[in-house]
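These entries record what I looked up in the structure, taken chain by chain and then at the contact between the chains.

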Amino acid sequence: MSCSVLRPGLLTTIQDGGRRGYRQAGVIVSGPMDSLALRVANLLVNNPPGAAGLEITLLGPTLRFEADHLLALTGADLSATLDGELLPLHRPIAVRRGSELAFGPARAGCRAYLAFSGGLAVPTVLGSQSTYLRAGLGGLEGRALRAGDVLPAPGPTPAGQRLHQQLLSSQSGPRWATTAWFPDPALTPGLEAAPVIRVLRGPEYDLFTPASQRAFWEEEFTVTPQSDRMGYRLAGPELQRRAEQEILSSAVTFGTVQVPASGAPIVLLADHQTTGGYPRIGQVITADFSHLAQVPPGGRLRFQEVSLTEAHYWYLHQEKTLQQFQRGLALFHYQ
Amino acid sequence: MDQPLPPPSGPTPVQLYPLGDAAVVLQFGGSISEATHRTIQAVGASLDAHPFPGLLEYVPAFTTLTVYYDPWVVSQAGQQDPYQRVSESLRQLLHQLPELPAPDATPVVEIPVCYGGAFGPDLDLLSRYTGLAAADVIRLHTEPEYLVYMIGFAPGFPYLGGMNERLAAPRKTQPRPLVPAGAVGIAGRQTGIYSLPTPGGWQLIGRTPRRLFTPEAASPSLLQAGQRLRFVPISEAEYQHLQEHEL
């Protein structure tokens with residue numbers, strides 16, 4: 001009951017809901033860059049939303065399934081194919097033993113999520129299965145996938161197994177099959193080429209010059225190639241402070257926009273450090289994390305100011321939609 | 001966004017402000033002190049003893065304690081304003097803060113450091129910046145007993161108080177893409193030890209062979225907030241010897 005890695009892709013890692021509760025020991029959260037996409041992928045295959053799946057970056061892997069599996073692919077459209085046939089996103093997909101999953105060019109976004117019904121049986125380290133590359137822990141031996149790896153995928157949950165049988169009832173017939181149903185499109189946002197990311201003022205917003213504050217909201221930034229799961233280093237207008245002043249290190253979080261003395265902002269992401277000492281000009285709202293995480297290196301983005309009330313409205317709206325989807329699945333598809 | 005609050009049962013006034021839509025910062029004044037540190041430790045202990053529904057975790061720092069919360073749970077599935085609810089919970093907690101604990105008489109942890117050369121590529125730069133001879137930089141750095149104020153930036157990375165102000169130097173304008181584990185650095189009036197290879201902007205003056213982060217250990221961080229430590233200068237030969245025995 002496993003899955004062989006024929007080609008690893010550019011950066012394919014195992015991520016779950018994240019490593020929670022160790023930030024005060026300096027242990028980062030890790031987890032998916034696009035947490036909404038991983039949660040939706042997991043719900044589609046009858047997993048808990050925070051189960052471990054694969055985060056696939058830009059150039060996807062080639063995988064061979066050594067057993068029947070129930071899968072879902074969400075997030076970026078990386079031209080996924082099964083035995084050469086294009087696969088749909090955002091639906092449960094029943095595959096037969098021996099099928100091969102491959103990827104082509106990135107059509108929209110840059111991070112896809114592959115959930116296996118029944119999850120992945122890799123060890124839990126400090127409460128999580130997420131890969132933490134820099135510390136070499138979690139996931140598969142603390143590293144990205146390599147050719148020749150065998151992913152321990154125990155196979156579908158009982159309800160996932162039933163759906164698999166419904167979809168692929170006969171022994172012969174197609175290599176794979178999917179459902180007619182799919183989630184509320186609000187949970188699978190279309191990925192814009194140069195998104196507008198909504199942001200709250202950060203704690204040190206007032207330390208920046210009025211010209212830099214205006215530039216932050218009005219001008220466009222580019223995600224430089226020096227970006228990774230830790231953060232996006234942005235190129236754009238140089239953001240200057242009114243006066244040089246050392247900042248005492250304090251906690252940061254996913255989406256914190258901090259500005260080192262060079263004036264080039266850094267947006268902190270899934271592998272962000274727990275604390276930082278650079279002034280925080282802004283904080284991306286949770287509801288826009290998906291859009292943020294899908295901007296590829298070289299991609300552009302803009303920031304738009306919103307209030308905390310708006311941020312919470314969109315947070316709760318997204319959460320409500322997700323919960324409704326989860327209830328619907330339990331009622332109609334995974335009894 | 002800053003809201004003045006009645007002072008807790010400590011000496012430092014406290015402000016509350018949001019860090020995005022899922023975290024709140026409690027700010028205890030603007031300067032580092034042992035009194036502020038003890039207040040923050042007391043707030044942390046109080047959150048451990050009386051967590052409110054929707055509390056995820058918290059991170060203490062020099063003058064702040066940042067509380068991460070789940071807006072969905074805190075708002076009771078969207079029925080109430082999450083920030084208002086969290087603020088109320090924290091205000092209550094601050095009002096009922098227990099007596100501040102006395103500073104712990106924990107043993108001093110010794111951290112052996114090989115200074116300068118390839119181990120401390122910024123020692124000469126720091127020496128020029130401060131106008132001190134390299135030997136005096138090392139002497140002033142190894143003299144004090146430091147207090148571990150917080151762990152952060154990377155797993156097991158201690159932020160220390162007690163550095164001689166004559167060693168203060170600004171961060172690097174452009175952070176290094178990769179700093180090795182064990183590197184000992186200075187940034188502003190702070191000194192610390194890198195626990196993992198990470199990008200970083202501190203001025204590096206030396207390196208220790210000790211492991212600060214051991215994920216397989218029951219307590220993954222060698223150091224904890226509230227502990228005291230001292231740097232002990234060692235030679236390159238001693239560094240190599242200790243590194244072999246650390247494994």
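Entry 1. Contacts within chain A.
I first fixed the term: two residues are in contact if their C-beta atoms, placed from the backbone, lie within 7 Å. On that basis I looked up how contacts in chain A are spread along the sequence. Of those with a separation of 6 or more, 77% are accounted for by residues 24 or more positions apart. I note at the outset that this is a predicted model.

Entry 2. Overall form of chain A.
I counted the elements of chain A and found five helices and 21 strands. The C-alpha trace of chain A spans about 70 × 35 × 35 Å along its principal axes. I then asked what radius of gyration chain A has, and whether it agrees or disagrees with a compact globule. For 335 residues such a globule would have a value near 20 Å, and chain A has 20 Å, so the two agree. I also looked up burial: 53% of the 335 residues in chain A are buried.

Entry 3. Domains of chain A.
The assignment I consulted divides chain A into domain 1, residues 2-190, and domain 2, residues 196-315. I read the separation of their C-alpha centres as 29 Å. To the contact between them, domain 1 of chain A gives 21 residues and domain 2 of chain A gives 13. On the domain 1 side of chain A, I find that α1 (35-44), β5 and β10 each supply at least two residues. By class, this side of domain 1 of chain A holds eleven nonpolar, six polar and four charged residues.

Entry 4. Strand β5 of chain A.
Since β5 of chain A appears on that domain 1 side, I examined this strand in detail. Is β5(A) mostly covered or uncovered? Strand β5(A), residues 69-77, is mostly covered, with eight of its nine residues buried. I next looked up its partners. With strand β8(A), residues 92-95, β5(A) pairs in the antiparallel sense over four bridges. In this pair Leu71(A) stands opposite Ile93(A) of β8(A). With strand β10(A), residues 108-116, β5(A) also runs antiparallel, and six bridges join the two. Here I find Gly75(A) opposite Ala112(A) of β10(A).

Entry 5. An open sheet in chain A.
I traced a six-strand open sheet in chain A, with the order β7-β6-β9-β4-β1-β11 and antiparallel pairing. Which strands stand at its edges? They are β7 (85-86) and β11 (150-152) of chain A; each has a single partner strand, so one side of each is left without a neighbour in the sheet. I followed the β11(A) end further. Strand β1(A), residues 2-7, is joined to β11(A) by three bridges, and the two run antiparallel. Ser2(A) stands opposite Pro152(A) in β11(A). As background, I recall that strands of a sheet pair through backbone hydrogen bonds, either parallel or antiparallel.

Entry 6. Overall form of chain B.
I turned to chain B and counted six helices and 14 strands. The C-alpha trace of chain B spans about 65 × 40 × 40 Å along its principal axes. Buried residues account for 45% of the 247 residues in chain B. Of the contacts in chain B between residues at least 6 apart in sequence, I find that 59% join residues at least 24 apart.

Entry 7. Domains of chain B.
The assignment for chain B gives domain 1, residues 3-95, and domain 2, residues 108-246. I read 30 Å between their centres, taken over C-alpha atoms. How many residues does each domain of chain B give to the contact? Domain 1 of chain B gives eight residues, and domain 2 of chain B gives eight. On the domain 1 side of chain B, α1 (34-49) and β4 (55-60) each supply at least two residues. The largest share of that side, three residues, comes from α1(B). I sorted this side of domain 1 of chain B by class and obtained five nonpolar, two polar and one charged.

Entry 8. Contact between chains A and B.
Finally, I looked up where the chains touch. I find 38 residues of chain A in contact with 47 residues of chain B. On the chain A side, the elements that give two or more residues are β16 (250-251) and α5 (308-333). The largest share of that side, seven residues, comes from α5(A). By class, the side of chain A that touches chain B has 17 nonpolar, 15 polar and six charged residues.

How values were computed
Residues numbered from 1 in each chain as written. Chains lettered and ligands numbered in written order. Predicted model: local features only at pLDDT ≥ 70, side-chain atom pairs only at ≥ 80, totals over all residues. Nonpolar A, V, L, I, M, F, W, Y, C, P; charged D, E, K, R; others polar. Buried ≥ 20, exposed ≤ 12 C-beta atoms within 10 Å, placed from the backbone. Rg over C-alpha atoms; globule rule 2.2 N^0.38 Å. Pairing = 2+ DSSP bridges. Domains from an automatic or database assignment.
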